[in-house]
Amino acid sequence: MVKFQRNIAILAVVLFVIKIIAWRLTASVAIFTDALESTVNVVSGFLGLYSVWLAAKPRDENHPYGHGKVEYVSAAVEGTLIMVAGLMIIYHSVIRLWHPQPIEKLDIGLVLITITAFANGIVGYRAQQIGKKNRSAAIQAGGHHLLSDTYSTIGIIIGLLMVKLTGWLWMDAVVGIVFAIIILYTGYKVLRESLAGIMDEADLKFLEEFIAFIQSHRTSSWIDLHNLRLIRYGTVMHIDAHMTLPWYMNVQTAHDKVQELEILIQNAYQNAVELFVHVDFCSPMACKICSIDNCTERKYPFENTIPWTLENVLKNKQHGT
């Protein structure tokens, strides 16, 4: 991922230079605002590169859970920069709306910024795919940013084409404002997702999938699962949970039962999930939901097993008590 983010940073510099050339040739304020947004791409590209490099560093004494949280900080900064770019585009577009100016060498300018839109679109889409696959907030934020840049450039192309066909100089500014609003919304989404990661907001979609997977592989000795919590550190999800086992199991047997669950998770999620399980002993009332056959310590007859769901596993309370 570090190599991919480095390519994003280099691309941002190259496209920024192309847009500056297009602006100098045309004197178009619309192209200038597009180039202005690309300065944000350059800053966020290198900021993302640093955060991805730092997040990939192994754990140490000062960071026992790793350095993955830095990606959320990087994404938050990037989301803020996207919104700032959107506001700046609106500002310059309003000025152009009230003070329209002629545009020179429009054909060459259109070709140059079309190239930048095409390049940003391809790399941005690819960045989102890689970011989602590797659960990298920084890469995903970079993808959002590149795509937002693509949208704004497309808007500018449309505006300039309409100016060329109609001669309406004000159309350049109107289209710029419309796409600036889209950019603002994109920046808000990136900022919102990054703050959710910083604040350890629960990923309910993943938790529902995770709990359903354990439920489908549940064994009779796993009497209960509760107080399950998830914290994401970059590409790694740290999950804590309490598991209820028969009270008469010795430490070795209880350890083996927990290890069965850990191996199950490891095989399914590889290094994307690390699981820490606290063992609770069963109470007499748990007999009603315990399906262990021929249990010599049973106090009450078995009634029914409670399926583990998102609603009941997250609660800090043993079921059936």
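Colleague: I'm new here, so let's start small: what separates Lys257 and Glu260 in helix H8?

Modeller: Lys257 and Glu260 are three residues apart in H8, so about one helical turn lies between them. Please keep in mind that this is a predicted model, in which local features need pLDDT of at least 70 and side-chain atom pairs need pLDDT 80 or more, while totals for chains, interfaces and linings use all residues. Residues are numbered from 1 along each chain as its sequence is written, and side-chain values use heavy atoms, leaving out hydrogens and water.

Colleague: What makes H8 a helix, and what would make a strand?

Modeller: Both are DSSP runs numbered from the N terminus: a helix is H or I over at least four residues, and a strand is E over at least two. H8 covers residues 251-269.

Colleague: How do you know that Lys257 and Glu260 meet in a salt bridge?

Modeller: The rule asks for a side-chain nitrogen of Lys or Arg within 4 Å of a carboxyl oxygen of Asp or Glu. Here the N to O distance is 3.8 Å, so the pair qualifies under that cut-off. By this rule the count comes to one salt bridge.

Colleague: Why is Lys257 called partly exposed?

Modeller: Buried means under 20% relative accessible area, exposed means over 50%, and partly exposed is in between, using a 1.4 Å probe and protein chains only. Lys257 has 21%, so it counts as partly exposed. Glu260, at 35%, is partly exposed too. Gln128, in helix H4 (residues 106-134), has 15% and is therefore buried.

Colleague: What does Gln128 touch?

Modeller: Setting aside residues up to four places away in sequence, Gln128 touches Gln140, Gly143, His144 and Leu147; contact means heavy atoms within 4.5 Å.

Colleague: How do you know that strands S2 and S3 pair?

Modeller: Two strands pair if DSSP finds at least two bridges between them. S2 (residues 236-245) and S3 (residues 273-281) have nine, in the parallel sense, so they pass. Ala241, for instance, stands opposite Val277 in S3.

Colleague: What makes the pairing in the sheet mixed?

Modeller: S1 and S2 pair in the antiparallel sense over eight bridges, whereas S2 and S3 are parallel. One antiparallel match sets His226 opposite His242 in S2, and another gives Arg229 the bridge partner Asp240. The open sheet has three strands in the order S1-S2-S3. Its edge strands are S1 (224-233) and S3, each pairing on one side only.

Colleague: What makes the β-α-β unit right-handed?

Modeller: With the strands pointing away from the viewer, the path from the first strand over the helix to the second runs clockwise. S2, H8 and S3 make such a right-handed unit.

Colleague: How do you know that Cys282 has no bond to the closest cysteine sulfur?

Modeller: A disulfide is a pair of cysteine sulfur atoms within 2.5 Å. The sulfur of Cys282 is 6.3 Å from the closest one, in Cys287, so it is too far for a bond. Cys295 is in no disulfide either, with the nearest cysteine sulfur, that of Cys290, 5.9 Å away. Over the whole structure, the search finds zero disulfides.
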